[in-house]
Amino acid sequence: MEVVQDLSLARNDPDAPAYPAPGEVDGLTALLSGACDWLTARNIALARDWGIGLERDYAFDQEAGRLVLEFGGRRTIGAHGQILGSFDPRDRSFMWSWANPSIQPELCADAARLKAEGERLGFTALTTPVQTVTFDALLPLLALAAHDGGADGVYRCMVNGSTSLFLALRLDGAAPEGGGGSADALMEAARALVADYDREMLPIDRDHRSQGKRAELRDFLDRKMEIYRRYWSRDDDYWEPCSVGWPSEHDPDTIRLRFTVPHPEGGALDIAIGENWSQNVYRIEPVDGALKITDKLIEWGDGLVWPVSPGSSLRTP
């Protein structure tokens with residue numbers, strides 16, 4: 001993967017303000033809230049219309065400003081990538097791209113445009129080159145930069161195993177045609193299937209929790225297996241129930257965002273994003289004339305980021 005080679009300047013400036021700076025909260029809230037809603041909707045559209053989230057790898061050529069998502073086989077998606085900034089989780093430091101001399105100015109246009117707006121409005125979070133910030137507080141800033149620049153979304157690239165490089169992407173061409181009619185009916189049926197599966201599984205987790213140490217695990221797993229066999233179709237035992245936990249992954253109250261999109265190779269993906277950004281991603285396919293869950297994807301959507309507006313919770317649009 002070709003990415004920015006010199007991100008050594010993305011380090012904490014002890015004199016930089018933590019985001020958000022005092023006095024800025026009220027003025028930024030409306031802007032950030034709208035941008036967060038926009039990016040959430042864009043992420044869903046990218047997954048629905050382009051299948052983004054299922055890519056196996058990516059390559060970013062900084063010289064050309066080109067991002068290529070690789071899906072296996074010959075399928076790829078190309079995009080122009082504007083660099084917004086970089087984040088180092090080791091010291092929670094974020095550097096805007098316009099402050100990094102290793103990045104060409106033409107690749108910083110979106111971030112530079114937001115800086116100019118920040119200077120006009122007096123928002124130091126948009127104008128401080130390097131600042132201390134939590135990952136969750138950073139994401140609305142990135143959403144705002146991409147939204148104001150007219151991008152199609154935000155993509156996260158990993159550099160040197162820890163540093164995140166954020167791109168405002170503009171996809172090549174129009175989204176493939178699809179949706180409507182039978183596809184919409186399939187999405188509704190897939191969503192209903194997973195909802196029924198969760199509804200049957202949740203009482204078992206709740207019962208196990210209420211019984212505590214008195215519970216016989218085998219009894220609960222047997223109950224789960226009976227449900228599993230009705231909803232799943234697999235030739236192996238990889239996803240057979242082997243534990244009972246709490247909070248339950250089947251509890252809708254732990255879900256921040258849920259949506260269902262087509263899978264490019266057929267069937268659907270039901271995607272639930274929970275507390276602490278945990279994910280449950282089920283694949284649903286027709287099997288012998290009936291919809292069944294056929295897989296649970298561990299690696300999905302690594303390049304997508306899900307911002308939360310300051311002081312609010314992310315729920316299904």
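**Exercise 1. Follow the strands**

In what sense do strand E9 and strand E10 pair, and over how many bridges?

Before we start: this is a predicted model, where local features need pLDDT of at least 70, side-chain atom pairs count only at pLDDT 80 or more, and totals for chains, interfaces and linings use all residues. Residues are numbered from 1 along each chain as its sequence is written, and side-chain values use heavy atoms, with hydrogens and water left out.

*Step 1.* Find E9 at residues 268-274 and E10 at residues 279-287; they pair in the antiparallel sense over 6 bridges. Strands (E, at least two residues) and helices (H or I, at least four) are DSSP runs numbered from the N terminus, and two strands pair if DSSP finds at least two bridges between them.

*Step 2.* Pick out one bridge: Ile271 has Val281 in E10 as its partner.

*Step 3.* Look at the turn. This hairpin has 4 residues between its strands, and Asn276 there has a positive phi of about 60°.

*Step 4.* Carry on to E11 (residues 290-296), which runs antiparallel to E10 and is joined to E10 by 6 bridges. Here Val287 stands opposite Ala290, and 2 residues sit between the strands of the hairpin.

**Exercise 2. Spot the odd backbone angles**

Find a cis peptide bond and two residues other than glycine with positive phi.

*Step 1.* Recall the background: most residues other than glycine have a negative phi, and most peptide bonds are trans.

*Step 2.* Go to the peptide bond from Trp246 to Pro247, which is cis with omega near 5°. Pro247 is in the loop between helix H5 (217-231) and strand E8 (255-262).

*Step 3.* Check Arg92, whose phi is near 55°, in the loop between strand E3 (76-88) and strand E4 (93-96). Arg92 is partly exposed at 47% relative accessibility; buried means under 20% relative accessible area, exposed over 50%, and partly exposed in between (1.4 Å probe, protein chains only).

*Step 4.* Now Asp288, with phi near 50°, in the loop between E10 and E11. Asp288 is exposed, at 81%.

**Exercise 3. Trace a salt bridge**

Which residue forms a salt bridge with Arg191, and is that partner buried or exposed?

*Step 1.* Set the cut-off: a salt bridge is a side-chain nitrogen of Lys or Arg within 4 Å of a carboxyl oxygen of Asp or Glu. The whole structure has 19 of them.

*Step 2.* The partner is Asp270, with the closest N and O atoms 2.7 Å apart. Arg191 lies in helix H4 (residues 182-211) and Asp270 in strand E9, 79 residues apart.

*Step 3.* Compare the surroundings: Asp270 is buried at 0% relative accessible area, whereas Arg191 is partly exposed at 24%.

*Step 4.* Widen the view. Arg191, Asp198, Arg258 and Asp270 are linked in a network of salt bridges.

*Step 5.* Try another pair: Glu249 and Lys296 have their closest N and O atoms 3.0 Å apart. Glu249 is in the loop between H5 and E8 and Lys296 in strand E11, so this pair ties together parts 47 residues apart in sequence.

**Exercise 4. Check the confidence**

Where does pLDDT stay under 50?

*Step 1.* Start with the chain, which averages a pLDDT of 88, with 87% of the residues scoring at least 70. pLDDT is the predictor's confidence in each residue, from 0 to 100.

*Step 2.* Mark residues 1-25 and residues 313-317 as the stretches under 50.

Conventions
Contact = heavy atoms within 4.5 Å.
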